[in-house]
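Work through the exercises below with the sequence and the model side by side. Try each task before reading its solution.

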Amino acid sequence: MIYLDNAATTKICEKAVKAMEPYLKEEYGNPSGIYSIGRKTREQVEKVRWTIAKSLNCKPENIFFTSGGTESDNWVLDNGAYLGNHIITSKIEHHAILNKCKQLENEGIKVTYVDVDKNGFVDMEQIKTDYKDGFENPVRTSLVSIMLANNEIGTIEPIRNIAMVAHRKGVLFHTDAVQAFGHIPIDVNYLGVDMLSASSHKFNGPKGVGFLYVRNPKEMMPLIYGGGQEKGKRGGTENVAGIIGMGAAVEDSMRNMSARYNKEKNLRDYMVKRILGEIPNVSLNGHYTNRLPGNASFTFDGINGTSLVVIMDEEGVCISAGSACAASAEKPSHVISALGIPKEKAYGTIRITIGHENTRKEIDYTVEKLKAGVKELRAKS
Ligand code: PLP
């Protein structure tokens, strides 16, 4: 099997598995326990908080463990709805943001969905002007949430500029960095973000665990009320093994980031060149260079992306027709549609996301199978 769907999830690294093992077996102490096996797990959980904080250039008290990207995103939006009644986001966010916004709209919160250009960059004019200050009318903007890098097309947004604009208006800024954390350097102070979501399974850690960075925890309402864990902001006994596995994956990805970045980018550029050069009527979605290293999204004229994914699966290659969470949806991807690609064309989209373990041989095999698959589907249509 050749796995090229690393934006959907990544293979857990050996270091994470090894680090987790004792905490699934003999080290079962509750981190809230004051006896030694409890203190030991507490110490390890806090070590991970410190590791993550160091990687982002913030303090451990700014890191809150969650169950992953969806939970972190939902928490931020609930908090935005608690502090005001207007949220600004973009049309190409993950459904963890968009569907939560829909639910908040049903409760009376106003949401502005900012457009993007053909490369997937958010419209800065809209970002600069769509604020409501609550003076003329009762609507007051409390949050801007724009993703750091898009999960379908890989485009990296100008987060520092957007955060500056939001702050000039006195509004909190959140970024969904689920696809970016562990893959490109992130400094929360340089970027000027107030909140940042990340998820362990996107950077070779275990699934079902992630974190939220919060610059000023006092401004954050609790997500889950319970036993006072996570400084009373998210109750419930910690996912100790998951957190420790995530910590090992953070250490591993920080240590190897630049080598992995270069490897993935070189393989991606090689693959893009071959596909654009050897298959007629295909285009690359997203910005040509300002994108995540492993990401490539293509739209092929005259085919259905899902049928191509099925053909590739029969050939032993895992790719996707959009984001994993929307892979079975009937409608074309909201991200591809937001780029201005017409509906009939948008169905011909596939996403290939390269990981650091992929090889040139695998990419060559994939390109050959893609060429045959596209030819076969076009002949049928
Ligand atoms: N945000 C983005 C940009 C994502 O790509 C994903 C997952 O694909 C999520 C949020 C959801 O993360 P999780 O699977 O950890 O809930």
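Two strands count as paired if DSSP finds at least two bridges between them. Helices (H or I, at least four residues) and strands (E, at least two) are DSSP runs, numbered from the N terminus. The model is predicted: local features need pLDDT of at least 70, side-chain atom pairs count only at pLDDT 80 or more, and totals for chains, interfaces and linings use all residues. Residues are numbered from 1 along each chain as its sequence is written, and side-chain values use heavy atoms, with hydrogens and water left out.

**Exercise 1. Trace the sheet of 7 strands and give its order.**

Step 1. Read the order: β2-β8-β7-β6-β5-β3-β4. The sheet is open and its pairing is mixed.

Step 2. Find the edges. β2 (63-66) and β4 (110-114) each have a single partner strand, so one side of each is left without a neighbour in the sheet.

Step 3. Add the twist. From one strand to the next it averages 20 degrees.

Step 4. Check one pair. β6 (residues 172-176) and β7 (residues 195-199) run parallel, with 3 bridges between them. Threonine 175 has leucine 196 in β7 as its bridge partner.

Step 5. Place a helix. α2 (residues 36-56) lies across β2, β7 and β8 (210-214). Its direction is at about 120 degrees to β2. Here axes are lines fitted to C-alpha atoms, for helices over the stretch in contact, and angles run from 0 to 180 degrees between N-to-C directions. Contact means heavy atoms within 4.5 Å.

**Exercise 2. Do the same for the sheet of 3 strands.**

Step 1. The order is β9-β10-β12, in an open sheet with antiparallel pairing.

Step 2. β9 (282-285) and β12 (349-353) stand at the edges; each has a single partner strand, so one side of each lacks a neighbour in the sheet.

Step 3. The twist averages 30 degrees from one strand to the next.

Step 4. β10 (residues 295-300) pairs with β12 over 5 bridges, in the antiparallel sense. Asparagine 295 has threonine 353 of β12 as its bridge partner.

Step 5. Helix α8 (residues 240-278) packs on this sheet and touches β9, β10 and β12. Its direction makes about 10 degrees with that of β10.

**Exercise 3. Which domains does the assignment give, and how many residues of each are in contact?**

Step 1. The bounds, from an automatic or database domain assignment, are 2-10 + 257-380 for domain 1 and 14-255 for domain 2.

Step 2. The C-alpha centres of the two domains lie 27 Å apart.

Step 3. In contact are 29 residues of domain 1 and 36 residues of domain 2.

**Exercise 4. Where does the largest cavity lie?**

Step 1. Set the rule. On a 1 Å grid over the protein atoms alone, a cavity is a set of points where a 1.4 Å probe fits but cannot get out; lining residues have an atom within 4 Å of a point. Grid points are joined across faces, edges and corners, and a volume is the space filled by probe spheres set on the points.

Step 2. Count. There are 2 cavities of 30 Å³ or more. The largest cavity holds about 90 Å³.

Step 3. List part of the lining: His183, Phe203, Arg260, Glu264 and His356 are among them.

Step 4. Conclude. Domain 1 and domain 2 both give residues to this lining, so the largest cavity lies between them.

How values were computed
On a 1 Å grid over the protein atoms alone, a cavity is a set of points where a 1.4 Å probe fits but cannot get out, and a pocket is an open set with protein on both sides within 12 Å along at least five of seven lines; lining residues have an atom within 4 Å of a point.
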